[in-house]
Amino acid sequence: MAEKRKSLIKIKPKKYKDGEVVKVDFMVMHPMDTGMGKDKKTKEIIPAKYINSVKFNYNGKEITNMTVWESLSVNPVFTTNMKINGAGKLTVTFTDNTGEVHETSTKIKPKG
Amino acid sequence: MQRREFFKQLGAATAVAAVALPTMSFAADAKPSGPNKMSFETALNAITGGKTPVKSDKIKIKVPEIAENGAVVPVTATVDSPMTDSDYVKSIHILAGGNSNARCIDVNLTPANGKAMFSTRIKLGGTQEVSAVAVLSNGEVLIASQSVKVTIGGCG
């Protein structure tokens, strides 16, 4: 699975203070094949490839973990809230059913 | 609809085979990781552990009533909770009763989230009811559901 995955973490609002509750968007480019669809040209069933689990880590502490099944859309978006608790790093890791692991991280810099 | 019936029967047949010949079915299952099948009741039981969920105003689900494209349906579930160490939402689950696998996503939250909200986009195979289930830290199970009319199915 050498295919490169694009993923992005967005924090809303962009400027935040310590102790504020912010929205965190995690977006990833992923096919999310259910294993039920067919290729239109070759008529072959596309093998299942979907995200199994997503984990949000903030300064080494797991804040949210998700178990995902195949009925999520192509290129899924996961939105949750997070309480800012000091500067640090937010890391999002996902695994898919074929064993692919991907990690993205962003810096958390509260102002004021 | 015929195709769906066929898959239902196929599922029933495999279930019978799985009971009768466990070793054979395991061997068959090992190679292609085929689509998971889970009915709404099984999924709900797995989440709640047999408890009956209570309909409540505390949990809100936001889904469009009419979805033109079943492949991308935005869903937002919000639970009214203080999210403190003693009183918080353990998990939010989104279920689509009409899909072959009703379970869409399980989100395990912690007090560090600050607010109990989750939003994503799901695929819907047809017109059906979408539910959000929340398990609270005191063991309460809340449910909210809304029916969605889908013009073009998004599965397959």
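## Contacts across the interface

Let's start where the chains meet: 18 residue pairs, both at pLDDT 80 or more, are in polar contact across the interface of chain A and chain B. A polar contact is a pair of N or O atoms within 3.5 Å; within protein, one must be able to donate a hydrogen and the other to accept it, and residues adjacent in sequence count only if both atoms are side-chain atoms. Salt bridges (a side-chain nitrogen of Lys or Arg within 4 Å of a carboxyl oxygen of Asp or Glu) come to zero between these chains.

This is a predicted model, in which local features need pLDDT of at least 70 and side-chain atom pairs count only at pLDDT 80 or more, while totals for chains, interfaces and linings use all residues. Residues are numbered from 1 along each chain as its sequence is written, and side-chain values use heavy atoms, leaving out hydrogens and water.

## How much gets covered

Chain A puts 32 residues in contact (heavy atoms within 4.5 Å) with 31 residues of chain B. Together the two chains bury about 2700 Å², 50% of it on carbon and sulfur atoms; that is accessible area (1.4 Å probe) lost on being put together, summed over both. On the chain A side, A:Met36, A:Trp69 and A:Ser71 lose the most area to chain B, together 25% of what that side buries.

## A strand pairing

E5 of chain A and E7 (residues 116-122) of chain B are strands (DSSP runs of E, at least two residues, numbered from the N terminus), and they run antiparallel, joined by two bridges. Here A:Thr79 stands opposite B:Ser119 in E7(B).

Notes: Chains lettered and ligands numbered in written order. Pairing = 2+ DSSP bridges. Helix = DSSP H or I, 4+ residues; strand = E, 2+ residues; numbered from the N terminus.
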